[in-house]
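Let's take a walk around the ligand and see what the protein puts next to it.

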Amino acid sequence: MRGLKDRVVVVTGAAGGIGRAICRRFIDEGVRVVALDVNADALKDFAAGLAASDHQLLCVTADITNYGEVKEAIERGVAKFSKLDILVNNAGWDVAAPFLQTEPDLWDKIIAINLKGPLNLHKAALPHLIAAGGGKVVNVASDAGRVGSSGESVYSACKGGLIAFSKTIARECARDNVCVNVVCPGPTDTALLRSFVGEGEYGQKIYEGLKRAIPLKRLGQPDDLPGLIAFLSSDDANFITGQVVSVSGGLTMNS
Ligand SMILES: NC(=O)c1ccc[n+]([C@@H]2O[C@H](COP(=O)([O-])OP(=O)(O)OC[C@H]3O[C@@H](n4cnc5c(N)ncnc54)[C@H](O)[C@@H]3O)[C@@H](O)[C@H]2O)c1
């Protein structure tokens, strides 16, 4: 893809299912990657399985809900690679439950990770993208934020909020040559999805039901996401901003 080589990206949730696939793709494209995750062990395990050199990868353990940690992580990335061109907000978290069975403490945690986390990253990273003469932001939301999803009320609110926030930042930062777009995965086979559908026979039933409902007749795999994210981060997408694209096998079709 045009214009990716030697760029510098920060990817949050880098040690998760989709995050690992995104980082691998960027490394293949010659991008230098700051891989950020709260789970230090998972990050270590991921880095150990990669053929990336020290010149191409920096792993940083940080909690995206903590602005101080986020700021420090971004500064470490910029100190190592001298600049920052691309931000991919991919970290996310949820626990499935009907809204009336949930309590404010859980809402706070879901909002902190899925909405406030990306705000922290934008605040810390955008000045560096602007200083580099422009850049790309790709926010990983969810189709839950476009069309709703039973059992994911507060998470859906956060992802819908992230979509609206992204469009606003796309407008505010257009003059700085920063493009901001949103990718919405549909059901994708990762730890997060497995925790949502549940284990055992019941979980398998939900899993099979999802497969039947998806026009392309399978669940998403982590490797279904990086192509679009790399494209939106590249020079091939220089005139695309404020857009929302689903990667859902056709489960959702928005006009
Ligand atoms: N899997 C799906 O079906 C699906 C569907 C729609 C949207 N998404 C979105 O895709 C993104 C990636 O999800 P995934 O399926 O790969 O999940 P995952 O659970 O495999 O990975 C999420 C990663 O985020 C990290 N993380 C969580 N809280 C964090 C925090 N406070 N600070 C830093 N890192 C943190 C976790 O440690 C984990 O490595 C998320 O934003 C998720 O909401 C996933």
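Sort the shell around the ligand by residue type and you get 14 nonpolar, 10 polar and three charged residues, where Ala, Val, Leu, Ile, Met, Phe, Trp, Tyr, Cys and Pro count as nonpolar, Asp, Glu, Lys and Arg as charged, and the others, Gly among them, as polar. That shell holds 27 residues, the closest being Asp37, Asn90, Tyr155, Thr188 and Thr190; to be in it, a residue needs a heavy atom within 4 Å of the ligand. Keep in mind that this is a predicted model, with local features needing pLDDT of at least 70, side-chain atom pairs pLDDT 80 or more, and totals for chains, interfaces and linings using all residues. Numbering runs from 1 along each chain as its sequence is written, and side-chain values use heavy atoms, with hydrogens and water left out.

Now zoom in on the ligand's oxygen atoms and their polar contacts (N or O pairs within 3.5 Å). A polar side-chain atom of Asp37 is 2.6 Å from one ligand oxygen, and Lys159 brings a polar side-chain atom to 2.9 Å from a ligand oxygen. Ile18 takes part through its backbone, with a polar atom there 2.9 Å from an oxygen of the ligand.

Zooming back out, the shell draws at least three residues from each of domain 1 (8-185 + 222-246) and domain 2 (189-219), with bounds from an automatic or database domain assignment.

Technical notes
Polar contact = N/O pair within 3.5 Å; in protein donor to acceptor, adjacent residues only side chain to side chain.
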